Amino acid sequence: MAMKIIHENITMRKTAVVTGATSGIGRDIARLLGKRGYHLLLTGRNEDELSRLCDELGRKNVTAVSADLSDVKECGALYRYARQYNTEVLINNAGFGLHGEFVEANLKAEMKMLDVNVRAVHILMKLFLRDFVKRNKGYILNVASVAGFVPGPFMSGYYATKSYVISMSESVYEELRHRKSRVRICVLCPGPVDTSFNSRAGVTGSFSGISSEEAAEEAVEGLFGGKLLVVPTSKVKLIAVFGRMLPAKIVAAVNYYVQGKKKKI
Ligand SMILES: NC(=O)c1ccc[n+]([C@@H]2O[C@H](COP(=O)([O-])OP(=O)(O)OC[C@H]3O[C@@H](n4cnc5c(N)ncnc54)[C@H](OP(=O)(O)O)[C@@H]3O)[C@@H](O)[C@H]2O)c1
């Protein structure tokens, strides 16, 4: 698949690029940024949903391109396309999980997950950040997960991808602080959110989650409020704190039980 323009609205209005905008958290973040007056550059692979969103959000407020971010060439194509807009915000949200014991899990599917959750997030963050730093203006939200604070048996690869995103975001935040840059980096770390995440991972969730609207609201508030970490709900904040404090072996043992309760669909 090559990047494809679904709907184009060339404008010099301030623009927010949203990856994974076709569903769940990304779609709700896009809706909120639209309400804040941003022109949206939406992306995902689902062309029908991109078209539908253009209708929903008002075609003069939106541009949509389909792209498969597991392909490094499409990450570059998306960035080059976005350069003609006055991009001030990057929502690095596209991602998915896989469930299963590491020894059994399909290597090809896992590599695709690493490409989307890690490589694409890294590439897009770097390319947009370079422009933002030159202009001393811009916001980047990376969507990680509370999974990034802890080891996760049965989802070991997924948890590790989110750990990468948190670690990179925290480090770059500090670098920007030392540069006295006005560019903001924020990382969203939710617990379970009711989206198609679990069904795409081929499992049913073991806990009910918050809504994607709630996760999106916290993310957008945190991003523009200058927060580094946004961890919605106090219960999930506790998991993040204890996840970092307790010995990894203990946390892994608890998570073996939690993730092991998920049922294949
Ligand atoms: N739901 C949760 O419990 C939860 C908890 C913590 C963190 N998260 C994170 O939140 C983010 C959004 O997930 P969600 O819960 O909103 O799930 P979702 O509803 O399944 O949305 C995932 C989005 O990622 C896009 N995507 C997946 N693979 C892609 C690819 N190869 N190329 C381009 N786009 C791709 C999908 O678009 P297309 O299918 O159109 O390509 C879709 O828009 C993910 O990074 C996820 O890891 C989710």
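The following exchange looks at helix α3 and the ligand site in a predicted model.

User: Why is helix α3 called largely enclosed by the rest of the structure?

Analyst: Buried means under 20% relative accessible area. Eight of the eleven residues of α3 (residues 72–82) are buried, so the helix is largely enclosed. Those residues are E74, C75, G76, A77, L78, Y79, Y81 and A82.

User: What do the buried residues of α3 pack against?

Analyst: Five strands and a helix are involved: β1 (4–7), β2 (14–18), β3 (39–44), β4 (62–66), β5 (86–92) and α4 (107–135).

User: What makes the D71 and K73 pair at the start of α3 a polar contact?

Analyst: The cut-off is 3.5 Å between N or O atoms. A side-chain oxygen of D71 comes to within 2.9 Å of the backbone nitrogen of K73. The pair therefore qualifies.

User: How do you know that G95 makes a polar contact with the ligand?

Analyst: A backbone N or O atom of G95 lies 3.5 Å from a ligand oxygen. The limit is within 3.5 Å, so the pair counts. For N93, a polar backbone atom is 2.8 Å from an oxygen atom of the ligand. For S196, an N or O atom in the side chain is 2.9 Å from a ligand oxygen.

User: How much of the ligand's accessible area does the protein cover?

Analyst: On its own the ligand has 870 Å² of accessible area, and the protein covers 97% of that. Elements giving two or more residues to the shell are α1 (24–35), α5 (156–178) and α6 (197–200).

User: Which residues surround the ligand, and of what class?

Analyst: There are 31 around it, the closest being T22, S23, R45, Y158 and T195. By class, 14 are nonpolar, 13 polar and four charged.

Notes: Residues numbered from 1 in each chain as written. Predicted model: local features only at pLDDT ≥ 70, side-chain atom pairs only at ≥ 80, totals over all residues. Heavy atoms only, no water. Buried < 20%, exposed > 50% of the residue type's maximum accessible area, 1.4 Å probe, protein only. Helix = DSSP H or I, 4+ residues; strand = E, 2+ residues; numbered from the N terminus. Contact = heavy atoms within 4.5 Å. Polar contact = N/O pair within 3.5 Å; in protein donor to acceptor, adjacent residues only side chain to side chain. Near = heavy atom within 4 Å. Areas by Shrake-Rupley, 256 points an atom, 1.4 Å probe, with all protein chains shown as cover. Nonpolar A, V, L, I, M, F, W, Y, C, P; charged D, E, K, R; others polar.
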